[in-house]
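Hi everyone, thanks for making time this morning. Let me put the structure on the screen, and then we can walk through it together.

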Amino acid sequence: MKNTLLIIIFLLLYTSLFSHEGGHGIPLKQWELTTTNEIIQADFIKYENGEVWLMDSNHTIQSFQITDFVEADQKYIKTKSEFIHSLNGSEPIKVAPQSVSSFNWALIALGIFLLSFSVFKLIKQKKAVYLTHGVLGLGVILIVSCKNTNSAKTSTVQVPANDVSLMQTFFEKFDGVTTHLDDNYLYVSSNGLPD
């Protein structure tokens with residue numbers, strides 16, 4: 001009975017590991033369109049002059065007006081665009097530090113307790129069955145560490161300005177590759193074919 005209960009708890013905790021936002025890959029974001037009441041999944045590419053470019057899982061690029069999105073998506077688009085522009089310029093970037101809630105601290109304490117209990121029982125009674133408590137404790141700590149715990153607090157990081165002439169020299173050694181720039185971007189062009 002004890003083992004069955006431990007297996008059920010472990011499975012519940014294990015499944016929540018794969019259900020947390022962000023995961024361990026980069027899933028496509030869901031976007032809600034107000035014009036068609038449609039939900040699409042795509043990655044953000046660019047936002048400029050009121051137009052938003054997204055790329056779906058088939059690598060098809062679509063463009064929309066920012067007013068086509070719900071308010072939460074519009075805010076996300078503007079924030080993401082500001083972040084990208086600050087990376088390409090010398091503007092400060094606002095970075096949200098991570099904080100741990102009291103619930104997460106309670107889960108960490110539970111994980112440490114289970115791990116300690118396992119070690120104590122293993123030393124005292126020398127039975128491998130007590131390792132399950134330790135594995136469960138490590139699982140709880142791992143789940144809490146994978147959670148997205150961003151808060152609303154921000155701090156700024158100064159990104160140095162790009163040295164465009166240095167970046168252009170990186171591409172000079174390749175035949176058939178050219179570079180040019182405008183006020184905002186450095187463009188690297190080629191025909192895509194090897195020598």
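I123 sits in helix α3; helices here are DSSP runs of H or I with at least four residues, strands are E runs of at least two, and both are numbered from the N terminus. This is a predicted model, where local features need pLDDT of at least 70 and side-chain atom pairs 80 or more, while totals for chains, interfaces and linings use all residues. Residues are numbered from 1 along each chain as its sequence is written, and side-chain values use heavy atoms, without hydrogens or water.

Is I123 buried or exposed? I123 is exposed, at 58% relative accessible area; exposed means over 50%, buried under 20%, partly exposed in between, with a 1.4 Å probe and protein chains only.

I123 also joins L115, V119 and L138 in a nonpolar surface patch, with about 350 Å² of accessible area together. Patch members have over 30% relative accessible area and no salt bridge, and nonpolar side chains are joined within 5 Å; a salt bridge is a Lys or Arg side-chain nitrogen within 4 Å of an Asp or Glu carboxyl oxygen. Areas are Shrake-Rupley values with a 1.4 Å probe, counting only the protein chains shown as cover. Helix α3, residues 102-125, gives the most to this patch, with 3 residues.

Now the sheet. Four strands form an open, antiparallel sheet, ordered β1-β2-β3-β4; strands pair if DSSP finds at least two bridges between them. β1 (29-32) and β4 (61-65) are the edges, each with a single partner, so one side of each has no neighbour in the sheet. β3 (51-55) pairs with β4 over 5 bridges, and M55 stands opposite I61 in β4.

Conventions. Patches are made of residues with over 30% relative accessible area and no salt bridge: like charges are joined within 9 Å, nonpolar side chains (Val, Leu, Ile, Met, Phe, Trp, Tyr) within 5 Å.
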